[in-house]
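User: Could you walk me through how this one packs and pairs up? I'll ask, you reason it out.

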Amino acid sequence: MQPSSPLWESPHIKAFLLLQAHFERLQLPIADYLTDTKSVLDQCVRVLQAMVDLAADEGWLTTALGVMHVVQMLIQARWHTDSTLLTLPHITAPAVDALRARLRIGSLPEFMAVAQTQSTKLTDVLKTFMSVQEARETVAAAQKLPFVSVDAHVPGVAEESCLRTARPLLVTADAEYVLQVKLSKTSAGDRNYRPKMARTGRPVNEGWWLVLGEPTTGELVALKRIGGIKGKSLTTTLAFWSPEQPGPASYSLYLMSDCYMGLDQQYEISFEVGPPDDAASTEA
């Protein structure tokens, strides 16, 4: 694009460039650009959440998950391909390399696990790349993040967890069921902690998406947005339709954060799908 092109005057181009700078964490040359970035980010979060709802209505699994990743990118001011450790304060690329080489920590959940039990060891490694106070702040930030345990079952089909068993659920083809999901915080964390949008410092409300989909076909089967987990656990339900064709099948259950990068989870739910009720009645 030529510098004299009228496209440079487009607000869409300006918003696009400001987002690139945000993801790269670049220093903006003038204060007006920072104000414009804050305005763009506020608008983008609302637009992207609407895009998730649209993708869910259309049954687009890959699109919905991709938009959720972009929401995380906006909050954390990082590319989705960046190391999730870089979302912690004061962490730099050399520190990421050292954590991987010396402690075999390559992701945010691994860092969080070590921070709960071996915070001194982490501080010793980090203080090579930052001050002792900054290293302690980094560890403290990880200790505030939520460890979330996911469990689920289908009432009326099996009362045991369908996420931790090799046995498939016996369901009828093209029938409606309910998946009951329990989310539990398995670490103390900080109940009053609110994540902040990187660079702007604006507090945001922690939230999650529960997504049920069929990765092989790319179909989004069910979606529910929930707020933060108040207390130790939260129980909710997802209504869904079983696969249409009899035989073995599987869905994937995703827990997706709307602000944290690297804390998403995915579980496979296996089914043995029987013929629909009308077909079973005809055969009888």
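User: Which residues touch the most other members of the largest nonpolar core?

Analyst: This is a predicted model, where local features need pLDDT of at least 70 and side-chain atom pairs count only at pLDDT 80 or more, while totals for chains, interfaces and linings use all residues. Residues are numbered from 1 along each chain as its sequence is written, and side-chain values use heavy atoms, without hydrogens and water. A nonpolar core is a set of buried (under 20% relative accessible area, 1.4 Å probe, protein chains only) Ala, Val, Leu, Ile, Met, Phe, Trp, Tyr and Cys residues joined through side-chain atoms within 4.5 Å. Of its 84 residues, the ones touching the most other members are Ile-91, Phe-111, Leu-179, Leu-212, Phe-240 and Leu-253.

User: And which helix gives the most to this core?

Analyst: Helices here are DSSP runs of H or I, at least four residues, and strands are runs of E, at least two, numbered from the N terminus. The top contributor brings nine residues and spans 61-76: helix α3.

User: Leu-179 has a bridge partner in β6; which residue is that?

Analyst: Strands count as paired if DSSP finds at least two bridges between them. Strand β3 (residues 176-185) runs antiparallel to β6 over nine bridges. Opposite Leu-179 sits Leu-238.

User: What is the strand order in that open sheet of three strands?

Analyst: Its edge strands, each pairing on one side only, are β1 (148-153) and β6 (233-241). With antiparallel pairing, the order is β1-β3-β6.

User: Does β2 pair with β8 in the parallel or antiparallel sense?

Analyst: Strand β2 covers residues 169-172 and β8 covers 265-274, with four bridges between them. Val-171 stands opposite Val-273. The sense is parallel.

Notes. Buried < 20%, exposed > 50% of the residue type's maximum accessible area, 1.4 Å probe, protein only.
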